[in-house]
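Please walk through this model with the sequence and the 3D view side by side. The path goes from the ligand to the domains, and then to two single residues.

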Amino acid sequence: MRTVYFDHAATTAVDPRVFAEMEPYFVERYGNPSEIHRLGRETREAVEQARAKVAAALGATDKEIVFTGGGTESDNMALIGYLRRFETGHLIISAIEHPAVMETARFLLREGWDVTFADVDRHGMVDVDAYAAAFRDDTRLASVMFANNVVGTVQPIKELARIAHERGAAFHTDAVQAVGALPVDVGELGVDLLSLSGHKLYGPKGIGAIFIKRGIRMAPLIHGGGHERRLRSGTENVPGIVGLGAALELAAAELPTQRPRQEALRDRLAAGILDTIDHTVYLGHPTERLPGNVCVSVRYIEGESMVLQLDGKGIAVSSGSACASGSLEPSHVILGMGFGAEEAHGSVRLTLGRENTDADVEYFLEVFPPIVARLRDMSPLYVKR
Ligand code: PLP
C-alpha cells in the first residue's frame, strides 16, 4: 500500500543528510565535551559548531543559544526560569498555546502567579487590543506562540513583542512550529526568549534550544555540573546537538524553495477538500498560516474516525485534538477560536513536509471524499440533503 505522511506538525523523519552528520558521534566520537583530552575537545568543538549554526539560523549570537531536551523543556525554562527572578507578578499567554506553555502557565497559577489567557479571533489570531489591555504594572512576561500547531495561524510576533516592551514586560515566543518553515530572525522580531525543537524540522527527537537575549537573566530548572552557562546542567546530548545544528542549516538553505512549494500543495489540498465535500469549515487564518498546514472541520463525523479510515489507506494525518496525547477532549484551540465542540470533534489536520508531492495530494483527494460519505452514512447526526 502507498504511504503518505501528512503529519509533519507531529514530527518529521530525520533527514538522511542530518543523520549522516550525527552518526560519528554515537560510536567513534563519544568524548565528554567537558574533558580536555582529544576526544573531549573534538565533541566540544562539534557542540560549539552546532551552536553557531543554530545562532546563525536565528540571527542570534552563539552565547544567546542554550541547548535543551526539546520544545517542552525550552517552554518550561522560558516561563519558569524567567519568572523565578521575581517574587510575584503577572503573566500573559494566548488562549491557544501548546500544552508545553499552557500547562506551565497553569502550574505557575497554582504557585501563586496571576495569569491572563488572551483571547483569539475566529481565525486563531490574537486580539491585539485585548492583549494590549491585559498588561498591568506587575506584568513580567508575555508568551505567544509564533505559529499554532493545530490550525497553523501565524501571529504578529513583532507587534506583540513591541507592546510587551512598551508595557515593561519581557516577551517569549514558542516558535517550535515556525522555525524551519518560516523566516525567523530574533533581532527583527525583537523577542527576548524563543523556543525551538529538533524533531519538527527533520532533526532528532529529544533535542531543542532556547534563545535567551543578551542581558536577560534566567534561573536554571536543572541543577548540577553547570553546563550550558549554568542554565541546563547535564552532559550534552552531542549527537542530538550536532543533528539540530545540521537540521537548522539545511532548513535555512531550503526554505526559499520549500515554502512556496508547500504553500502551493497546501492550497490545492484545501481547495480540493472544501470544493468537493459539503459542510466543511476551513479552520485557521486564510492567509497568515504555516506553509504546510491544512485544518478542516467536517461536520457530522468524528476526527478520530477519519484518522483511522485514512490510516487504512496508508495516509497518516491527525485529528484537531492532536497533541493532547490521545485525549478525546475537544481541542482548546478550536474552542478558543469560538467554534463549538462539534466542529472541534470533526476536525482533521493535514501537515505537509519536504517529501510530499503533487501525487500525494491527488491520492488524498481521491480517497478522502468516499471516506467522508461512508462515515456520514453511518452518522445519526447527518441527514442527507
Ligand atoms: N510547542 C509547540 C507549538 C509544539 O507543536 C510542540 C510539539 O508538539 C511543542 C511545543 C513541544 O515540543 P517537543 O515535542 O520537542 O517537546
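In this predicted model, 14 residues surround the ligand. Thr-72, Asp-174, Gln-177, Ser-197 and Lys-200 come nearest. Sort the shell by class and you get 3 nonpolar, 8 polar and 3 charged residues. Helix α4, residues 71-83, gives the most to this shell, with 3 residues.

Now look at the polar atoms. Thr-72 places a polar side-chain atom 2.6 Å from an oxygen atom of the ligand. His-98 also has a polar side-chain atom by a ligand oxygen, at 3.1 Å. With Asp-174, the partner on the ligand is a nitrogen atom, 2.6 Å from an N or O atom of the side chain. How much of the ligand's own accessible area does the protein cover? On its own the ligand has 390 Å², and the protein covers 88% of that.

Step back to the whole chain. It is divided into two domains. Domain 1 is made of two segments, 4-11 and 256-378. Domain 2 runs from 16 to 250. The centres of domain 1 and domain 2, taken over C-alpha atoms, are separated by 27 Å. The contact between them takes 29 residues from domain 1 and 31 residues from domain 2.

Next, pick out Ser-297. You will find it in strand β10, which spans residues 293-298. Is Ser-297 buried or exposed? It is buried, because its relative accessible area is 0%, and the cut-off for buried is under 20%. The side chain of Ser-297 reaches the backbone oxygen of Glu-343 at 2.8 Å. Setting aside residues up to four places away in sequence, Ser-297 touches His-279, Thr-280, Val-281 and Leu-283. It also touches Glu-342, Glu-343, Gly-346 and Ser-347.

Leu-221 has another setting. It sits in the loop between β8 (208-212) and α9 (238-276). Its relative accessible area is 28%, so Leu-221 counts as partly exposed; that class lies between 20% and 50%. Which residues does Leu-221 contact, leaving aside neighbours within four places in sequence? They are Asn-76, Met-77, Ile-80, Gly-81, Arg-84 and Leu-231.

One last pair links these two views. Thr-280 is among the residues that Ser-297 touches. From Leu-221, Thr-280 is 59 residues away in sequence. In space, the two are 44 Å apart, C-alpha to C-alpha.

How values were computed. Residues are numbered from 1 along each chain as its sequence is written. This is a predicted model: local features need pLDDT of at least 70, side-chain atom pairs count only at pLDDT 80 or more; totals for chains, interfaces and linings use all residues. Side-chain values use heavy atoms; hydrogens and water are left out. Helices (H or I, at least four residues) and strands (E, at least two) are DSSP runs, numbered from the N terminus. Buried means under 20% relative accessible area, exposed over 50%, partly exposed in between (1.4 Å probe, protein chains only). A polar contact is a pair of N or O atoms within 3.5 Å; within protein, one must be able to donate a hydrogen and the other to accept it, and residues adjacent in sequence count only if both atoms are side-chain atoms. Contact means heavy atoms within 4.5 Å. A residue is near a molecule or strand if one of its heavy atoms lies within 4 Å of it. Accessible areas come from the Shrake-Rupley method with a 1.4 Å probe; for residues, only the protein chains shown count as cover. Ala, Val, Leu, Ile, Met, Phe, Trp, Tyr, Cys and Pro count as nonpolar, Asp, Glu, Lys and Arg as charged, and the others, Gly among them, as polar. Domain bounds come from an automatic or database domain assignment.
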